[in-house]
Amino acid sequence: MILFFGTRPGKPEIRPLDNIPCPYCHQLGTLSLSISSNYFHLFWIKLFKISTHKTASCSHCKGVFFEDEFTTDIKSAIEQ
């Protein structure tokens, strides 16, 4: 019997972060949060989540900020 298993990314979720200033250019309403997850699969069926990565990107200055670079404003907006 042959088993096909491994990991693969899921569909990313993108949410706008309104009224949160960009940490670099300080523009309001330009940040968007991207949440992507990796899943373990068996026969191309997702079974469980392995990891999750969050990044925030600014559409004005094109800056990308990872989880360890999030400000307290960004962290509080994510929790809501």
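A residue is taken as buried when its relative accessible area is under 20%, as exposed when that area is over 50%, and as partly exposed in between. Phe43, with a relative accessible area of 36%, is therefore partly exposed. The structure in which this residue is described is a predicted model, and the values reported below are computed from that model.

The chain contains 1 helix and 5 strands, and from the N terminus on these elements follow the order β-β-β-β-β-α. Along the principal axes, the C-alpha trace spans about 55 × 25 × 20 Å. The radius of gyration of the chain is 16 Å, whereas a value near 12 Å would be expected for a compact globule of 80 residues. Buried residues account for 24% of the 80 residues in the chain, and the chain exposes about 5,800 Å², of which 57% is supplied by carbon and sulfur atoms. When contacts between residues at least 6 apart in sequence are considered, 45% of them join residues that are at least 24 apart.

The largest nonpolar core comprises 13 residues, and the members that touch the most other members are Leu17, Ile20, Leu31, Leu33, Phe70 and Ile74. At least two residues of this core come from each of β3 (31-42), β4 (45-58) and α1 (72-79). For Ile74, once the neighbours within four places in sequence are left aside, the contacts are with Leu17, Ile20, Pro23 and Leu31.

The loop between β2 (13-17) and β3 holds Thr30 as well as Asn19, and these two residues are assigned to opposite classes of accessibility. Thr30 has a relative accessible area of 15%, which is under the 20% limit, and Thr30 is therefore classed as buried. Residues up to four places away in sequence not being counted, Thr30 touches Cys22, Ser57, Cys58, Ser59 and His60. Asn19, by contrast, has a relative accessible area of 64% and is exposed. The backbone of Asn19 is also notable in that its phi is near 60°, a positive value in a residue other than glycine.

A positive phi, of about 55°, is likewise found at Phe43, which is not a glycine. In general, most residues other than glycine have a negative phi. Phe43 is located in the loop between β3 and β4, and this residue is touched by Leu3, which also touches Leu42, when residues up to four places away in sequence are not counted. Leu3 itself belongs to the segment before β1 (5-9) and is partly exposed, with a relative accessible area of 48%. Although Leu3 and Leu42 are 39 residues apart in sequence, their C-alpha atoms are 7.4 Å apart in space. For Glu69 and Lys46, which are 23 residues apart along the chain, the C-alpha atoms are separated by 30 Å. Glu69 is placed in the loop between β5 (64-66) and α1, and with a relative accessible area of 40% this residue is partly exposed.

A search of the whole structure for salt bridges returns 1. In this salt bridge Arg15 is paired with Glu13, and the closest N and O atoms are 3.7 Å apart, a separation that falls within the 4 Å cut-off applied to such pairs. Both partners are partly exposed, Arg15 at 28% relative accessibility and Glu13 with a relative accessible area of 40%.

The structure holds 0 disulfides. For Cys58, the closest cysteine sulfur is that of Cys61, at 3.7 Å, and the closest cysteine sulfur to that of Cys61 is in turn that of Cys58. Because a disulfide requires the two sulfur atoms to lie within 2.5 Å, the separation of 3.7 Å between the sulfurs of Cys58 and Cys61 is too far for a bond. The two cysteines are not assigned to one class of accessibility, since Cys58 is buried, with a relative accessible area of 3%, whereas Cys61 counts as partly exposed at 26% relative accessibility. Cys58 is also among the residues touched by Thr30, the buried residue of the loop between β2 and β3 described above.

Notes. Residues are numbered from 1 along each chain as its sequence is written. This is a predicted model: local features need pLDDT of at least 70, side-chain atom pairs count only at pLDDT 80 or more; totals for chains, interfaces and linings use all residues. Side-chain values use heavy atoms; hydrogens and water are left out. A salt bridge is a side-chain nitrogen of Lys or Arg within 4 Å of a carboxyl oxygen of Asp or Glu. Buried means under 20% relative accessible area, exposed over 50%, partly exposed in between (1.4 Å probe, protein chains only). Helices (H or I, at least four residues) and strands (E, at least two) are DSSP runs, numbered from the N terminus. The radius of gyration is taken over C-alpha atoms; the globule rule is 2.2 Å times the number of residues to the power 0.38. Contact means heavy atoms within 4.5 Å. Accessible areas come from the Shrake-Rupley method with a 1.4 Å probe; for residues, only the protein chains shown count as cover. A nonpolar core is a set of buried Ala, Val, Leu, Ile, Met, Phe, Trp, Tyr and Cys residues joined through side-chain atoms within 4.5 Å.
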